[in-house]
Amino acid sequence: MYYPILGEVDILPIIEIFKKDKKIVFPKIQDDKNLSLFFVKDLKDLEKSKFNIYEPKKNLKKAYIYDVDIILVPGIAFDKKGYRLGFGKGYYDRLLKKANCYKIGIAYEFQIITDINHKNHDIPMNMVITEKNIWKF
C-alpha cells in the first residue's frame, strides 16, 4: 500500500477491506535511497514523517520484499506499456527492481499517456488501474 500525497489516488479505503484477511505492508523512507517495508494493521499504525508523508511507526514489525504478493504503486503518469513516471527520487524504482511480485499502478485516467521515455532500469507494471480502465501488460 501507499499513503496518498500530492493528489495521488486515495487507496486508503481498501485497507478496511483487506485488513480482515490480508497482511498489509507500507513503505517507510529509510535513507536517501531506500524504502523499508513494515506490516500495518490499521491506519493508526502510521505517523507523519519529516517529509509530511504518513509512514509506519518505528515499533512495527519489519516486512521484506519477499513477503509481498502485490504492490500498489502511485505515480505522476503511466504509459500504455506499463511504465511509470514518479517524483524523481527513485525510491519505488529501487524497490520494484527487487520485487518478484505483481505490480499494479494506480492512477486517474488523465495520468495515462501514450509513451514515457523509460530507461533500462525502469520496471513496468503488470497492470494499471484507473477509475475508467484496467490495462494489463
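The lining of the second largest pocket splits into 14 nonpolar residues, no polar ones and 4 charged ones. That pocket has a volume of about 460 Å³, while the largest pocket comes in at about 680 Å³. Bear in mind that this is a predicted model. Beyond the pockets, there are 5 salt bridges in the whole structure, plus a nonpolar surface patch that includes Leu-85.

**Second largest pocket**

- A total of 18 residues line this pocket, and those nearest its centre are Lys-23, Val-68, Asp-69, Ile-70 and Ile-71.
- Two or more lining residues come from each of S1, strand S2 (35-40), strand S6 (70-73) and H2.

**Largest pocket**

- Here the lining runs to 28 residues, with Ile-5, Phe-87, Lys-89, Tyr-91 and Tyr-92 nearest the centre.
- Strand S1 (24-29), strand S4 (54-56), strand S8 (84-85) and helix H2 (91-98) each chip in at least two lining residues.
- S1 gives the largest share of that lining, with 4 residues.
- By residue type, the lining of the largest pocket holds 16 nonpolar, 4 polar and 8 charged residues.

**Nonpolar surface patch**

- Leu-6, Ile-76, Leu-85 and Phe-87 make up a nonpolar patch on the surface, and together they have about 410 Å² of accessible area.
- Phe-87 turns up twice in this briefing: it belongs to the patch, and it is among the residues nearest the centre of the largest pocket.
- Leu-85 sits in strand S8, an element that also supplies at least two residues to the lining of the largest pocket.
- Leu-85 counts as partly exposed because its relative accessibility is 42%, and partly exposed covers the range between under 20% (buried) and over 50% (exposed).

**Salt bridges around Lys-19**

- Lys-19 pairs with Asp-42 in a salt bridge whose closest N and O atoms are 2.7 Å apart.
- That pair ties together distant parts of the chain, 23 residues apart: Lys-19 is in the loop between helix H1 (12-18) and S1, and Asp-42 is in the loop between S2 and strand S3 (46-48).
- Lys-19 is partly exposed, with a relative accessible area of 30%, and Asp-42 is partly exposed too, at 21%.
- Glu-16 joins Lys-19 and Asp-42 in a network of salt bridges.

**Other salt bridges**

- Lys-28 forms a salt bridge with Glu-55, where the closest N and O atoms are 3.9 Å apart.
- This pair also links distant parts of the chain, with Lys-28 in strand S1 and Glu-55 in strand S4, 27 residues apart.
- Both partners, Lys-28 and Glu-55, are buried.
- Arg-84 bridges to Asp-93, with 3.7 Å between the closest N and O atoms.
- Arg-84 is buried, since its relative accessible area is 10% and the cut-off for buried is under 20%.

**Ile-29 in strand S1**

- Ile-29 belongs to strand S1, the strand that gives the largest pocket the largest share of its lining.
- With a relative accessibility of 19%, Ile-29 counts as buried, because buried means under 20%.
- From Ile-29 to Lys-132 is 103 residues in sequence and 31 Å in space, C-alpha to C-alpha.

How values were computed
Residues are numbered from 1 along each chain as its sequence is written. This is a predicted model: local features need pLDDT of at least 70, side-chain atom pairs count only at pLDDT 80 or more; totals for chains, interfaces and linings use all residues. Side-chain values use heavy atoms; hydrogens and water are left out. On a 1 Å grid over the protein atoms alone, a cavity is a set of points where a 1.4 Å probe fits but cannot get out, and a pocket is an open set with protein on both sides within 12 Å along at least five of seven lines; lining residues have an atom within 4 Å of a point. Grid points are joined across faces, edges and corners, and a volume is the space filled by probe spheres set on the points. Ala, Val, Leu, Ile, Met, Phe, Trp, Tyr, Cys and Pro count as nonpolar, Asp, Glu, Lys and Arg as charged, and the others, Gly among them, as polar. Patches are made of residues with over 30% relative accessible area and no salt bridge: like charges are joined within 9 Å, nonpolar side chains (Val, Leu, Ile, Met, Phe, Trp, Tyr) within 5 Å. Accessible areas come from the Shrake-Rupley method with a 1.4 Å probe; for residues, only the protein chains shown count as cover. A salt bridge is a side-chain nitrogen of Lys or Arg within 4 Å of a carboxyl oxygen of Asp or Glu. Buried means under 20% relative accessible area, exposed over 50%, partly exposed in between (1.4 Å probe, protein chains only).
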